Amino acid sequence: MERTLTSELAPVADPVVADSCDNFDSLARIHWPRVFRFILASIRDKDAAENLTQDCFFRAYRARDQFRGASSIGTWLMRIAANLVRDHEASGRVNFWRRMRRTAVDAKEACDWIPDRKMSPEDAAVAHEQVEAIWSVVANLSERQRTVFLLRFVEDMELMEIAAVTGMKEGTVKVHLFRALRAVRAELGVTK
Amino acid sequence: VNRHLSTQDISRCLIGEGLQSEARHARECAECGAELALLETSLGQFRHAVRQWGERVDRASYQPVMSRSRLFLSAAALDARAEAGGGATRAGASSLLMHAAAVALAFTLGSTPQAREATRSRLSFLTAVQLHAPQPNRDRAEGGGGGGARQTLEASRGSLPKAAPRQFTPPRVDPVPAELLLPPSLDIPATITDLRATTYGDPLGREGPVSNGRGSGGGIGDGNRGGVGPGTGSGYGPGADGGFGSGVYTAGGSVSAPVLLHQVEPEYSEDARKAKWQGIVMLAVVVDERGRVREVTVVRSLGLGLDEKAIEAVRQWRFRPGMLNGSPVPVRATVEVNFRLL
């Protein structure tokens, strides 16, 4: 498995969020794609994801004095993002029809990706099916399980980091991950 | 080692917490290894797909007009200012104030005499499309015509005959065969707009059975002497003689007299003051539908420039116009202007 350069390993961000505009700009440039990707995958609504990402950085900017450097900036931002996603889910629960529509449109777009060029067409088709299956699982997971799942398998975060982001204990994170994985296995047709 | 991996074990391997023995088993046992590989590749593809999607969407939506942090800075500054300035209440109040000012300005500008005049001329231009009744010529008080054939119904609706300098044949709604064929005509200005009707009639008449109207002397309408309309003469309209006009009424009967609303005192002329000249100037005027004075003629003159002063003053007077059946009509009136030295 490839590893991404998480903020843990990236030395660019100073532990103290810089006051000056340029430093915050570079911070936003580094972390924006990641935060946006996480929110997008969580709620699968392009416009709302953009708003929430904006919101996330805005909150971070306003609360930059309260950042004590207890965790990395990436974790801190992700924590804000996860909270925003949770609030969004809670507020959007009544909005049934909107959810139906955007899942229909954006989910289709989410599956519209290009696998490696080296793959044969058959393999690519299989890969597409697998991704679609995982998407359908993710859509049906509970908010916590989905967050944990995405943080682990898309953002490649360590269990400890996930615990810091979600505010759960490591054990709880593991339990959620196991449940999510069981659902994925069932969907992929792996039985034993 | 011989035991197959449980669901829990495989999950543990997937999240990177697998024990060494489990990893070894996965390498050796084909079944468990295949399962683990399938899950791993699927999750890898999923990650790849999500990342691709995120990048694509982010690239498509973000055009860096302004760097992101500048956006935040300006947003934060606005936020701080709003908090310092009392927030939404104040903003709402000032917005309301500004809108009220804008509306007031628009009304003030729109109600100046020039603007009203401009609007009116624009509107009268629009009436050329015949949505409205044609408006009589305001410059001349005379003109008009009327006719009829003593029928019981009101004149029916239709178009006016063409204009001619002199009328030989009055129009009829139901043309009668004639020995000498002369097309019916009216003595009206050619600028009058007309209905695109196939039969002759009164443009202000009503749709319905064919009728030449209740008037007399040929023509169409309630008047007489061969025109169209309620007037007298060979033109069209409520006035007299040719042309198209509203005519001038005289107060009395069902026509109410105009009431003076605004009076301007006349000045004394220099000559009259020196000569200690006093007396009364009598003027005949027409008070039009808008209460303005027009067509001032001197009935009894006083001389020494006082007539001119009287006319000058009376032209600025304003009346409530005389009314006929609830609508204002031009009415002839006599005005006395008293010149007295104190």
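Biologist: What makes the strands 3-10-5-6 of chain B an open sheet with edges?

Modeller: In this predicted model, 4 strands of chain B form an open sheet in the order 3-10-5-6, and the pairing is mixed. The edge strands are strand 3 (249-250) and strand 6 (293-300) of chain B, since each pairs on one side only.

Biologist: How do you know that strand 5 and strand 6 of chain B count as a pair?

Modeller: Two strands pair if there are at least two bridges between them. Strand 5 (residues 279-287) and strand 6 of chain B share 5 bridges, in the antiparallel sense. That passes the cut-off of at least two, so the two strands are called paired. You can also look for B:Met282, which stands opposite B:Arg300 in strand 6 of chain B.

Biologist: Which helix lies across strand 5, strand 6 and strand 10 of chain B?

Modeller: That is helix 8 of chain B, residues 306-314. Helix 8 of chain B runs at about 40° to strand 5 of chain B, while strand 10 covers residues 331-339.

Biologist: Now to the surface. Why is B:Leu182 called partly exposed?

Modeller: Buried means under 20% relative accessible area and exposed means over 50%. B:Leu182 has 37% relative accessibility, so it falls in between and counts as partly exposed. You will find B:Leu182 in the loop between strand 1 (145-146) and strand 2 (233-234) of chain B.

Biologist: What makes B:Phe168, B:Leu180 and B:Leu182 a nonpolar patch?

Modeller: A patch takes residues with over 30% relative accessible area, and nonpolar side chains are joined within 5 Å. B:Leu182, at 37%, is over that 30% limit, so B:Leu182 passes this part of the test. Together with B:Phe168 and B:Leu180, B:Leu182 forms a patch with about 340 Å² of accessible area.

Biologist: And the chains as a whole? What secondary structure does chain A have?

Modeller: Chain A has 8 helices and 0 strands, so its pattern along the sequence is written α-α-α-α-α-α-α-α. Chain B comes to 8 helices and 10 strands.

Biologist: How many of the residues in each chain count as buried?

Modeller: In chain A, buried residues make up 51% of the 192 residues. In chain B, 37% of the 342 residues count as buried. Each of those residues has under 20% relative accessible area.

Biologist: What part of the accessible surface belongs to carbon and sulfur atoms?

Modeller: Chain A exposes about 10000 Å², and carbon and sulfur atoms supply 50% of it. For chain B the surface is about 20100 Å², with 56% belonging to carbon and sulfur atoms.

Methods:
Residues numbered from 1 in each chain as written. Chains lettered and ligands numbered in written order. Predicted model: local features only at pLDDT ≥ 70, side-chain atom pairs only at ≥ 80, totals over all residues. Heavy atoms only, no water. Contact = heavy atoms within 4.5 Å. Axes fitted to C-alpha atoms, helices over the stretch in contact; angles between N-to-C directions. Patch = residues over 30% accessible without salt bridge, like charges linked within 9 Å, V, L, I, M, F, W, Y side chains within 5 Å. Areas by Shrake-Rupley, 256 points an atom, 1.4 Å probe, with all protein chains shown as cover. Salt bridge = Lys/Arg side-chain N within 4 Å of Asp/Glu carboxyl O. Buried < 20%, exposed > 50% of the residue type's maximum accessible area, 1.4 Å probe, protein only.
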